[in-house]
Amino acid sequence: MGFCGAGWVVRNCYRPALEALGGRIVVAVVLEPDPAARARVQDLFPEAVVVSTRADLSAAPVEAVVVASPNPCHVDDAEAFLKGGLACLVEKPVLRGSADRARLTAAGRRGGAALTAGVACRHRADALRWLEGAATIGPLRRLDLSWHRHRGVPATAWHLAESPGWTGVFADLGSHLVDLAGAALGWRTDGLDIRFARQFRTGHAAPASWYDGTTLKVSPSASDVADRFEAEWRVADCVVHLSVRWLDATPGDIVRLDAIGDDGACRLDGLFGYSEERRTPHQRVTLKRRGEATEIADFMPGPALHVEGFAEMLDNFGDCAAAGWREEPDLAFTAALGDAIETALR
């Protein structure tokens, strides 16, 4: 396998996930265009060849590529690799809407190579338990999904540079919650109707503490990047409310997923990712089915579940790469919702 990019997510998420897989996936080449960063990449993957261009990576002896370049490069990078027959796991966001999906679909068909969404939260054990519970409470009528950070602005400069659909809190945290909503709904898009979508800039910066100790130098107001996003839509007879924030007045960070169906409710309460600034100490899935005792599943708080989620995602990617190109319903769902939200924001 190759990596296109070797930034924060590769160093802190993919590298430990590969270690957890015990050598089942070998990293042969890493594309890092920044000469100043190549020594660090070589230390991270001592057995890999470090190259500086997309063509060099494509020519290397690899079967698959993780596209972990800056978000605005995702479609261009993945399209090139897919055309060349290399399976791609693309870090979120994979695409913004149907135009991006059309490009990637054409490239995947041409090269016969698989395209997989790099949205690791869906592969976490607690998220899987929540999805399993949500599937047992009858037709879903409401999903309330939120991920709020008290002070969680990314420190990487490109995160704060305006690039519509690629940067800002919706592209970052919202991609995970959109993916989980789609999975809970079986990727259905019938009756899709956006009730509202809005985004805000608070005008001050508070850097995430886990970004390598980096101090944020640029404020969101200077970069025109939204640090709060909220939307509500109806799809498949279910109302979905989504709220994501990099900056929140309430101390502590929290992820809360509520699924309400005709026959009960299922909640995930805790936190995803690497933040230690938790608003609630537990990591818990609570399932209440009508006429039955409440079921509670507790998980260990902390980053271990996140690393395991990345490992499961990589393992699944191996299977997808071997199978070759096929239409994936999650990407169709993401594209349809992306188009609808873009229209609502205009």
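A helix here is a DSSP run of H or I at least four residues long, numbered from the N terminus. With that in hand, here are four close-up views of this predicted model.

**View 1. The largest pocket and the helices that help to line it.** Let's begin with the pocket itself, which has a volume of about 930 Å³. Its lining is made of 42 residues, and G7, W8, V9, W158 and H159 are the ones nearest the centre. Which helices each supply at least two residues of this lining? They are α1 (8–20), α4 (74–83), α7 and α9 (304–323). The largest share comes from α1, with four residues. Sorted by class, the lining of the largest pocket holds 20 nonpolar, eleven polar and eleven charged residues.

**View 2. The second largest pocket, with α10 as the helix that gives the most to its lining.** This pocket has a volume of about 790 Å³. Of the 37 residues lining it, R96, P164, G165, F170 and A171 lie closest to the centre. Look for α5 (98–111), α7 and α10 (329–345), since each of these helices supplies at least two lining residues. How many residues does α10 give to the lining of this second largest pocket? The count for α10 is nine. By class, the lining of the second largest pocket has 17 nonpolar, ten polar and ten charged residues.

**View 3. Helix α7 crossing helix α10.** You have already met α7 as a contributor to the lining of the largest pocket and to that of the second largest pocket. Here the axes of α7 and α10 come within 10 Å and cross at roughly 125 degrees. Why is α7 called oblique to α10? The reason is that crossing angle, because 125 degrees is neither within 65 to 115, which counts as roughly perpendicular, nor over 145, which counts as roughly antiparallel. The crossing of α7 past α10 is right-handed. On the α7 side you can find F170, V178, D179, A181 and G182, and they meet D330, F333, L337 and I341 of α10. The residues of this contact comprise six nonpolar, one polar and two charged.

**View 4. Helix α6 meeting helix α7.** The axes of α6 (residues 125–134) and α7 (residues 169–184) come within 10 Å, with a crossing angle of roughly 35 degrees. Is this crossing left-handed or right-handed? As α6 passes α7, the crossing is right-handed. From α6, the contact uses A127, W130 and L131, while α7 brings L180, A183 and A184. Six nonpolar residues make up this contact, with no polar and no charged ones.

Notes
Residues numbered from 1 in each chain as written. Predicted model: local features only at pLDDT ≥ 70, side-chain atom pairs only at ≥ 80, totals over all residues. Heavy atoms only, no water. Axes fitted to C-alpha atoms, helices over the stretch in contact; angles between N-to-C directions. Left-handed = near helix turned anticlockwise from the far one by under 90°. Contact = heavy atoms within 4.5 Å. Nonpolar A, V, L, I, M, F, W, Y, C, P; charged D, E, K, R; others polar. 1 Å grid on protein atoms, 1.4 Å probe; cavity = no way out; pocket = protein on both sides within 12 Å on 5 of 7 lines; lining within 4 Å. Points joined across faces, edges and corners; volume = space filled by probe spheres on them.
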